[in-house]
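Student: I am new to this structure and would like to understand one part of it well. Please take a close look at the surroundings of the ligands, and then relate them to the chain around them.

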Amino acid sequence: MTKEGLHLGLIGSGSMAATVVAALTDAGVRIERLSVLVRPGREAAGEDAITEWKTGGAVSRVISSVEELIALEPDIVGECASQQAVASCVPSLLAAGIETVIASVGALADPDILASLYQIRSEKFHIATGAVAGMDGLSAARLSGLTEVVYTGRKPPSSWPGGGTDYAIIFKGSAREAALQFPKNANVAATVALAGIGFDRTQVLLIADPECSNNVHEISFVSGCARGNFRMEGVPSPDNPKTSLTAGYSVANVILNAIRPVLQTIARNVV
Ligand SMILES: NC(=O)C1=CN([C@@H]2O[C@H](COP(=O)(O)OP(=O)(O)OC[C@H]3O[C@@H](n4cnc5c(N)ncnc54)[C@H](O)[C@@H]3O)[C@@H](O)[C@H]2O)C=CC1
Ligand SMILES: O=C([O-])CC(=O)C(=O)O
């Protein structure tokens, strides 16, 4: 981060990336440079997408390899792309010492990916809570002994693979299976698993519900210190209703917290 502002790196140029940039700009962060990693061949589409973003005048650049992104030396990178992007980009970013926040948390349900990130043991690795909330309470309750954690995710039928219009139980099983089978819809299952009793003991129910206009996340748990029941009702992103707007705000919030010490230093220097 220079005295003038933040050099933000993003992986992905879809709905969540747009929300992250708008949220940071609205929060008063001056994004001086924006480096956006897209899939090879998607550079022009990425550049078009960025023209619609609320960047506050950032100088933007679209690249298509993680090596180029690393060479540009962003202050922090937000992954807003896919589980595959976590696997292929995040270990290199962390190995290069770059602060990185992930949204595609379901990637960690794959033991090989988890192991590759664990080996790096970087304090610069952040997991956004995404579309859900209450993970602090769940992880605190874990210390008292969790005996049951159930996550239920409901979205309108059109937001599930295959579309349709009717009520349907899309999936019932473990958080590991949910996160790997529904990479665009069940990252929250992975987040709940990581905060609570793990990928194999967390029970997941995914429902296509025509009564829903929002994306609803319900968590219940039983522990030694508390029983918990909480519910988050996320407004779908206009460009991609599968993704709740909360998820992008969550990535922006992690970025804000990570850069805050630097912002405070700048404020002290300027005032
Ligand atoms: N933790 C959470 O609560 C949530 C996490 N997510 C994750 O965030 C991701 C992004 O969500 P949206 O922006 O709504 O999706 P989107 O489909 O609007 O945009 C994703 C963009 O990333 C690009 N992309 C995918 N893999 C890439 C790679 N390896 N390198 C560069 N670009 C790549 C795609 O081409 C697409 O343009 C989802 O795919 C999902 O994995 C989504 C919703 C909630
Ligand atoms: O955005 C949401 O509501 C949740 C979601 O897609 C996910 O968990 O992957």
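Tutor: What follows begins with the ligands and then moves outward into the chain.

This is a predicted model, in which local features need pLDDT of at least 70 and side-chain atom pairs count only at pLDDT 80 or more, while totals for chains, interfaces and linings use all residues. Residues are numbered from 1 along each chain as its sequence is written, and chains are lettered from A and ligands numbered from 1 in the order in which they are written.

Among the 33 residues around ligand 1, those that come nearest are Gly12, Gly14, Met16, Gly130 and Thr243; a residue belongs to such a shell if its C-beta atom, placed from the backbone, lies within 6 Å of the ligand. The elements that give two or more residues to this shell are α1 (15-26), α4 (83-95) and α8 (187-195), where helices are DSSP runs of H or I with at least four residues and strands are runs of E with at least two, numbered from the N terminus. The largest share comes from α4, which gives four residues. Sorted by class, the shell around ligand 1 holds 14 nonpolar, 15 polar and four charged residues; here Ala, Val, Leu, Ile, Met, Phe, Trp, Tyr, Cys and Pro count as nonpolar, Asp, Glu, Lys and Arg as charged, and the others, Gly among them, as polar.

Around ligand 2 stand Ala131, Asn185, Ala186, Asn187, Val188, Asn215, Gly234, Lys242, Thr243, Ser244 and Ala247. Four of the residues in this shell are nonpolar, six are polar and one is charged. Thr243 appears here and also in the shell around ligand 1.

The position of ligand 1 can be set against the division of the chain into domain 1 (6-130 + 245-270) and domain 2 (135-234), bounds that come from an automatic or database domain assignment. Ligand 1 lies between domain 1 and domain 2, because both of them give residues to its shell. The C-alpha centres of domain 1 and domain 2 are 25 Å apart, and the contact between them takes 14 residues from domain 1 and 13 residues from domain 2, with contact meaning that the C-beta atoms of two residues, placed from the backbone, lie within 7 Å. On the side of domain 1 that touches domain 2, six residues are nonpolar, seven are polar and one is charged.

Which residues does UniProt list for "binding site"? An unreviewed UniProt entry lists Ala131 and Asn187 under that name; UniProt positions are given in the numbering used here, with shortened feature names, and annotations may be inferred rather than shown by experiment. Although Ala131 and Asn187 span 57 residues in sequence, no two of their C-alpha atoms are more than 8.6 Å apart, so they gather at one spot. Both residues also belong to the shell around ligand 2.

Taken one at a time, Ala131 sits in the loop between β6 (125-127) and α6 (135-142). It has 25 C-beta neighbours inside 10 Å and therefore counts as buried, a class that requires 20 or more other C-beta atoms within 10 Å of a residue's own, whereas 12 or fewer makes a residue exposed and a count in between makes it partly exposed, with C-beta atoms placed from the backbone. Setting aside residues up to four places away in sequence, Ala131 touches Val188, Asn215, His217, Met232, Gly234, Ser244, Thr246 and Ala247.

Asn187, for its part, belongs to helix α8, one of the elements that give two or more residues to the shell around ligand 1. Asn187 counts as buried because it has 29 C-beta neighbours inside 10 Å. Beyond its neighbours within four places in sequence, Asn187 is in contact with Ala103, Ser104, Val105, Gly106, Gly130 and Ala179. One of these contacts, Gly130, is also among the residues that come nearest to ligand 1.

One further record helps to place these surroundings in the chain. The unreviewed UniProt entry gives residues 12-122 for "domain: Aspartate/homoserine dehydrogenase NAD-binding". Over residues 12-122, the chain is 46% helix and 18% strand, and the C-alpha atoms at the two ends are 22 Å apart.
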